[in-house]
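Work through the exercises below with the sequence and the structure side by side. Each one sets a task and then solves it step by step.

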Amino acid sequence: AGGGGGDGPVLQTQKVTHHGAVNRVRCMPQAPAVVASWGDSGVVQVWDLAPQLQQLMALTADANTGGASAAGSGGGKAGDPQRVAPRHAFTGHRDEGYALDWSPVVAGRLVTGDNACGIHVWEPLEGGKW
């Protein structure tokens, strides 16, 4: 593809619609496709982004091998964000915040802190809820 060292890096992207601005994003260490986001609306959302990560890996593999799908149908290009429903939305905070982290020891345990000094520990329940 061009040769001569003139080609720059290729950035592949997948976008997901998020209500409001995103203050913080963290992946669960035990399941990296499970992602929590803190928004300026004061809501913490948990997402399962496995399908988006699989698509991203396919785009990357195609780009590395020169496959047709890397260039076709907007693959890797900044397109319309996908509408994905979060697995769960935490609405217990009174204000937006920035403190957000998953436990490295207990899978699914999430700690969040808001600007009004509220701290919540979210414990996982059966069926993938908190």
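**Exercise 1. State how much accessible surface the protein chain has, and how many of its residues are covered.**

Step 1. The accessible surface of the protein chain comes to about 7900 Å², and 56% of that area belongs to carbon and sulfur atoms; such areas come from the Shrake-Rupley method with a 1.4 Å probe, and for residues only the protein chains shown count as cover.

Step 2. This is a predicted model, in which local features need pLDDT of at least 70 and side-chain atom pairs count only at pLDDT 80 or more, whereas totals for chains, interfaces and linings use all residues. Residues are numbered from 1 along each chain as its sequence is written, and side-chain values use heavy atoms, with hydrogens and water left out.

Step 3. Of the 130 residues of the protein chain, 28% count as buried, where buried means under 20% relative accessible area, exposed means over 50%, and partly exposed lies in between (1.4 Å probe, protein chains only).

Step 4. Among contacts between residues at least 6 apart in sequence, 53% join residues at least 24 apart, a contact being heavy atoms within 4.5 Å.

**Exercise 2. List the secondary structure in order, and then describe how β1, β2 and β3 are joined.**

Step 1. The protein chain has one helix and seven strands, which follow the pattern β-β-β-α-β-β-β-β along the sequence; helices (H or I, at least four residues) and strands (E, at least two) are DSSP runs, numbered from the N terminus.

Step 2. Strand β1 (residues 22-28) pairs with β2 in the antiparallel sense over six bridges, and two strands are said to pair if DSSP finds at least two bridges between them. The two strands form a hairpin with two residues between them, and Val35 in β2 is the bridge partner of Cys27.

Step 3. On to the next pairing: β2 and strand β3 (residues 44-48) are also antiparallel, with five bridges, and Val34 stands opposite Asp48 in β3. Four residues lie between the strands of this hairpin, where Gly42 takes a positive phi near 85°.

Step 4. Strand β2 (residues 31-39) is mostly covered, since seven of its nine residues are buried.

**Exercise 3. Place Leu53 in the fold and find what it touches.**

Step 1. Leu53 lies in helix α1 (residues 50-65), and its relative accessible area of 38% makes it partly exposed.

Step 2. Leaving aside residues up to four places away in sequence, Leu53 touches Pro32 and Ala33.

Step 3. Leu53 and Thr13 are 40 residues apart in sequence, yet their C-alpha atoms are 9.5 Å apart in space.

**Exercise 4. Give the strand order of the sheet that contains β6, and trace its pairings.**

Step 1. Three strands form an open sheet in the order β5-β6-β7, with antiparallel pairing. The edge strands are β5 and β7, each of which pairs on one side only, and the twist averages 15° from one strand to the next, the axes being lines fitted to C-alpha atoms (for helices over the stretch in contact) and the angles running from 0 to 180 degrees between N-to-C directions.

Step 2. Five bridges join β5 to β6; Gly97 has Asp114 in β6 as its bridge partner, and Leu100 stands opposite Thr112.

Step 3. Between β6 and β7 there are four bridges, and Gly113 is partnered by Ile119 in β7. The hairpin of β6 and β7 has four residues between the strands, and Cys117 takes a positive phi near 70° there.

Step 4. Strand β6 is mostly covered, with four of its five residues buried.

**Exercise 5. Which residues form a salt bridge, and how many disulfides does the structure hold?**

Step 1. A salt bridge is a side-chain nitrogen of Lys or Arg within 4 Å of a carboxyl oxygen of Asp or Glu, and by this rule the count comes to one.

Step 2. The pair is Glu123 and Arg109, whose closest N and O atoms are 2.7 Å apart. Because Glu123 lies in the segment after β7 (119-122) and Arg109 in the loop between β5 (97-102) and β6 (110-114), the pair ties together parts that are 14 residues apart in sequence.

Step 3. Glu123 is partly exposed at 35% relative accessibility, and Arg109 is partly exposed at 28%.

Step 4. The structure holds zero disulfides, a disulfide being a pair of cysteine sulfur atoms within 2.5 Å. Cys27 is partly exposed, with a relative accessible area of 45%, whereas Cys117 counts as exposed at 71%.
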